[in-house]
Structure formats: structure tokens, C-alpha cells
Amino acid sequence: MSPVTRYRTIALLALVGVFVSAYLLLYSLGYYGFILCGTGACEIVQSSKYAVFLEIPVPGWGLAWYGGMVVLALIVAARGVEASGPALLVALGATAGLLFTLYLTFIEAFVLQAWCRWCVVSAALSVLIFLLAAPWRRLKREPAAG
């Protein structure tokens with residue numbers, strides 16, 4: 001996959017995350033009386049004390065993160081240059097997003113013992129974005145000319 005295609009894919013996945021986060025944020029702010037979850041325990045997760053982080057609903061953090069990832073990934077895709085500041089920010093952002101996702105997934109699994117389908121979708125998107133951003137590539141050094 002070419003770098004441009006990878007970053008466009010990151011932008012597309014992040015756009016899906018924007019919609020998921022916006023839906024969950026609207027629910028958490030009271031604009032929906034119930035959450036469409038099918039099976040699962042979305043209301044348990046969304047109404048827990050862990051649904052707010054630093055006084056902001058977790059979906060608000062998700063909306064900001066996914067929105068930022070869309071913008072940064074599109075900038076990198078438009079430039080077609082992976083060795084740029086925005087590409088580094090995508091890699092760092094993908095890593096931060098994955099770490100926060102792992103924390104939230106741990107809370108769902110071991111503290112709440114309840115799973116929200118929308119949260120699982122968001123977690124899958126975070127993992128895919130991280131894998132596509134491939135931040136470990138930044139750790140490689142160019143061989144010395146000699």
C-alpha cells in the first residue's frame with residue numbers, strides 16, 4: 001500500500017470514528033433517550049463514572065481525537081510526504097489513541113464487566129489507525145553512508 005493510500009485510509013477510518021463518537025456524545029449529553037446497542041451493555045458503560053475523563057465525556061475526547069486524525073492524515077496524503085511534521089503527529093496521535101483505547105477496554109473488561117458495541121467499534125478503529133500509521137517506522141534509522 002502506498003503512503004498516500006495509507007493516509008487516506010487512516011482519514012476514512014477516523015471519519016467513521018467521528019460519526020461513532022458524535023453519536024455517543026449526543027447520547028451522553030442527553031439528546032437521545034436511549035442508545036441503540038442491539039446486544040451488549042452500552043448504557044452501563046455510557047452511564048458509568050468512567051464515561052467522563054477530566055470532566056469531559058469520553059466520546060468528546062474521541063470526537064476531538066478522530067477529527068484531528070482526519071485532518072492530519074489528509075494533510076499528509078495531500079503532501080505525499082511521510083517525513084513531515086504532520087506525519088509525525090499522526091504517528092504520535094495514533095499511539096496516544098491506542099493507549100487510551102487500551103485503558104478504556106481494560107475498564108470495560110475488568111472493572112465494569114460490560115461491553116458497549118460502539119466502544120468496541122471505536123477500539124477496532126483505533127487499532128487499525130495505529131497499525132496503518134506504523135509509528136515504529138519512525139524508530140528505524142537510515143544506514144550511515146560510508
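**Helix packing and aromatic pairs in the predicted model**

The secondary structure of the chain comprises 5 helices and 2 strands, and the structure described here is a predicted model. Read from the N terminus, the elements follow the order α-α-β-β-α-α-α. The chain has 146 residues, of which 41% count as buried. Among the contacts between residues at least 6 apart in sequence, 71% join residues that are at least 24 apart.

The packing of helix α3 (residues 58-79) against helix α4 was examined in terms of axis geometry and contacting residues. The two helices pack at an angle of about 155°, and their axes lie 9 Å apart. Because angles over 145 degrees count as roughly antiparallel, α3 and α4 are assigned to that class, being roughly antiparallel to each other. The crossing of α3 and α4 is left-handed. On the side of α3, the contact is made by V58, W65, M69, L72, A73, I75, V76 and R79, while α4 contributes P86, A87, L89, V90, G93, A94, G97, F100 and L104. When the residues in the contact of α3 with α4 are sorted by class, 14 are nonpolar, 2 are polar and 1 is charged.

Aromatic side chains were considered next. A pair of aromatic rings is described by the distance of the centres and the angle of the planes. On this basis the count comes to 6 aromatic pairs. One of these is formed by Y23 and W118, whose rings are tilted, with 5.1 Å from centre to centre and 55° between the planes. This pair links distant parts of the chain, since Y23 belongs to helix α1 (residues 3-28) and W118 to helix α5 (residues 117-133), with the two positions 95 residues apart in the sense that they are 95 residues apart. The relative accessibility of Y23 is 16%, so that this residue counts as buried, whereas W118, with a relative accessible area of 27%, is partly exposed.

A further aromatic pair, that of F106 and F110, is likewise described as tilted, with a centre-to-centre distance of 5.0 Å and an angle of 45° between the planes. Both F106 and F110 lie in helix α4 (residues 85-112), where they are 4 residues apart, about one turn of the helix. With a relative accessible area of 46%, F106 is partly exposed, and F110, with a relative accessible area of 60%, is exposed. In addition, one aromatic cluster is formed by F53, W61, F100 and Y103; of its members, F100 also takes part in the contact of α4 with α3.

Two individual positions in the outer parts of the sequence order, V4 and S126, complete the description. V4 is found in helix α1 and, at 24% relative accessibility, counts as partly exposed. Although V4 and A77 are 73 residues apart along the chain, their C-alpha atoms are separated by 4.7 Å. When residues up to four places away in sequence are not counted, V4 touches A77 and G80. S126, by comparison, lies in helix α5 and is buried, with a relative accessible area of 2%. With the same exclusion of residues up to four places away in sequence, S126 touches W65, Y66, G97 and T101. Of these partners, W65 and G97 are also listed in the contact between α3 and α4, W65 on the side of α3 and G97 on the side of α4.

Definitions and conventions
Residues are numbered from 1 along each chain as its sequence is written. This is a predicted model: local features need pLDDT of at least 70, side-chain atom pairs count only at pLDDT 80 or more; totals for chains, interfaces and linings use all residues. Side-chain values use heavy atoms; hydrogens and water are left out. Rings of Phe, Tyr and Trp (its six-membered ring) pair if their centres lie within 6.5 Å; planes under 30 degrees apart count as stacked, over 60 as edge-to-face and the rest as tilted. Buried means under 20% relative accessible area, exposed over 50%, partly exposed in between (1.4 Å probe, protein chains only). Axes are lines fitted to C-alpha atoms, for helices over the stretch in contact, and angles run from 0 to 180 degrees between N-to-C directions. Angles under 35 degrees count as roughly parallel, over 145 as roughly antiparallel, 65 to 115 as roughly perpendicular and the rest as oblique. A crossing is left-handed if the near helix is turned anticlockwise from the far one by less than a right angle, and right-handed if clockwise. Contact means heavy atoms within 4.5 Å. Ala, Val, Leu, Ile, Met, Phe, Trp, Tyr, Cys and Pro count as nonpolar, Asp, Glu, Lys and Arg as charged, and the others, Gly among them, as polar.
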